[in-house]
Amino acid sequence: MMPGAATRTGRKRAAAAPLPTGLEIRLTQACNLLRCGRSRSPRFPARTLTLAEASAGIDAYASLAPCGTITVTGGEPFLEFDLLRGLISHARKNWPRLGIDVETNGTLLTPAGADRLAGLGADLWIKFSGVRAIADRCGFRECGASVFDTVVKNLDALSPARRRRICASAEFSSG
């Protein structure tokens, strides 16, 4: 019977509440870029979730929407690569029908890392901060290298088959 349909007694059943289709887990607030738009506030110290905290969030979400999508973001989740792998492994073991996206700035992307996450069934999203001039304004914490060039170099190092499986998005703003 469809939610909201009349029963034999003529009373209407209450419509079921819509299920959430996605969950975003900000794995860490730490970022390797100076002007990371998703990093921590200067008022609060950087925080990284524990595997238990992040897994509990996935379990709570997946019990409501076992076919939904989890997006793991940061700061920069590749800074906590072992934790990221553990979280994806937990989700795959316990909730195999969940979609899993990992959003990264791409500066720490390696062929081995991309292959490991793909092997666990995660999809990668590279989030560019717009065109070269804007991306490079984000700046690395440890050196003056071009952020844009680093991401392009990291993508070029991947096999063509792996590159075809990576999605990218860009943010553009006035400054």
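Two residues count as being in contact when their heavy atoms lie within 4.5 Å. With that in hand, Ser55 makes a handy starting point in this predicted model. Leaving aside its neighbours within four places in sequence, Ser55 touches Leu87 and His90. Ser55 itself belongs to helix α1. Its relative accessibility is 9%, and since buried means under 20%, Ser55 counts as buried.

Both of those partners lead straight to helix α2, as Leu87 and His90 are among its buried residues. The others in that set are Phe81, Leu83, Leu84, Ile88 and Ala91. The helix itself runs over residues 81-94, which makes 14 residues. From its first C-alpha to its last it reaches 20 Å, close to the 20 Å expected at 1.5 Å a residue. What, then, covers the buried residues of α2? The cover includes two helices, α1 (51-64) and α3 (111-119), along with the strands β1 (22-26), β2 (69-73), β3 (99-104) and β4 (122-128).

Over in strand β5 (residues 167-170) sits Ala168, and here the picture changes. Is Ala168 buried or exposed? Its relative accessible area is 53%, and the cut-off for exposed is over 50%, so Ala168 is exposed. Ala168 still has company, though: leaving aside its neighbours within four places in sequence, it is in contact with Trp125, Ile126 and Phe128. Take Trp125 as one of these partners. Along the chain, Ala168 and Trp125 are 43 residues apart, yet in space they are 5.3 Å apart, C-alpha to C-alpha.

Conventions: Residues numbered from 1 in each chain as written. Predicted model: local features only at pLDDT ≥ 70, side-chain atom pairs only at ≥ 80, totals over all residues. Heavy atoms only, no water. Helix = DSSP H or I, 4+ residues; strand = E, 2+ residues; numbered from the N terminus. Expected span 1.5 Å × (residues − 1). Buried < 20%, exposed > 50% of the residue type's maximum accessible area, 1.4 Å probe, protein only.
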